Amino acid sequence: TKQWIKVIDLAAVPGDDVVAVEAAGQELALYGVDGAVYATDNICTHGHARLCDGFLEGHEIECPLHQGRFDVRTGKALCEPLAADIRTYPIRIVDGSVFVEI
Ligand code: FES
């Protein structure tokens, strides 16, 4: 069953950048873009690289290892060498806290 878990204070989400958080024993990457917050798995679908170490440009996160790019809103893999999309998670912001459904 899924549950909503508080992962971070909204004030701690970086603007136009990515940060790693943990929820239910899983590592997620959290993105702040234009005042909105998005969440995906932190580990790339291509190899063992952490997207929190990558480069966020607009809604696209670039993997630090082979420069694959995902859209953080949909998890869609946008270019080679990625073959699989990345999982995304619903976000809710309540009283200044960010919750992820996981
Ligand atoms: Fe991410 Fe290869 S590990 S693109």
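Select E57 and E60 to begin: E60, in β6, is the bridge partner of E57. The model on screen is a predicted one, and this pair of residues is a convenient place to enter it. Now extend the selection to the two strands concerned, β5 and β6, the latter covering residues 60-62, and you will find them paired in the antiparallel sense over 3 bridges.

Add β7 next, and the sheet is complete: three strands in the order β5-β6-β7, forming an open sheet with antiparallel pairing. The edge strands are β5, at 55-57, and β7, at 69-71, each of which pairs on one side only. If you look along the sheet, the twist to expect from one strand to the next averages 25°.

From β5, step back to G54, which is found in the loop between β4 (36-41) and β5. Is G54 buried or exposed? G54 is buried, because 22 other C-beta atoms lie within 10 Å, and a residue counts as buried at 20 or more. To see some of what surrounds G54, display V18, I61, E62, C63 and P64, which are its contacts once neighbours within four places in sequence are left aside. Then select Q67 as well: G54 and Q67 are 13 residues apart along the chain, and their C-alpha atoms are separated by 8.4 Å.

V18, one of the contacts of G54, leads to the other sheet of this tour. Select β2, β3, β4 and β8, which in that order make an open sheet of 4 strands with antiparallel pairing. Here the edge strands are β2 (17-23) and β8 (88-89), each pairing on one side only.

Keep β2 and add emphasis to β3, residues 26-33, since these two strands pair in the antiparallel sense over 7 bridges. Three pairs are useful to follow along the strands: D17 stands opposite G32 in β3, A20 stands opposite A29, and A23 stands opposite Q26. Beyond this last pair is the turn of the β2 and β3 hairpin, which has 2 residues between the strands and in which A24 takes a positive phi near 55°.

Now follow β3 towards β4, with which it pairs in the antiparallel sense over 6 bridges. Return to G32, whose bridge partner in β4 is V37; G32 is also the residue opposite D17. These strands, β3 and β4, likewise form a hairpin with 2 residues between them, and D34 in the turn has a positive phi of about 55°.

With β3 still selected, ask how many of its 8 residues are buried. The count is 6, so the strand is largely enclosed by the rest of the structure. In soluble globular proteins, nonpolar side chains tend to be buried together.

The last selection is the largest nonpolar core, which has 27 residues, and those with the most contacts inside it are V18, L28, A29, L30 and Y31. The elements giving two or more residues to this core are β2, β3, β4 and β10, the last of these at 97-101. The greatest contribution comes from β3, with 5 residues.

Finish by centring the view on A29, which touches V18, A20, A39, T40, N42, L51 and C52 when residues up to four places away in sequence are not counted. Among these, A20 is the residue that stands opposite A29, while V18 is also a contact of G54, the buried loop residue visited earlier.

Definitions and conventions. Residues numbered from 1 in each chain as written. Predicted model: local features only at pLDDT ≥ 70, side-chain atom pairs only at ≥ 80, totals over all residues. Pairing = 2+ DSSP bridges. Axes fitted to C-alpha atoms, helices over the stretch in contact; angles between N-to-C directions. Buried ≥ 20, exposed ≤ 12 C-beta atoms within 10 Å, placed from the backbone. Contact = placed C-beta atoms within 7 Å. Core = buried A, V, L, I, M, F, W, Y, C linked by C-beta atoms within 7 Å.
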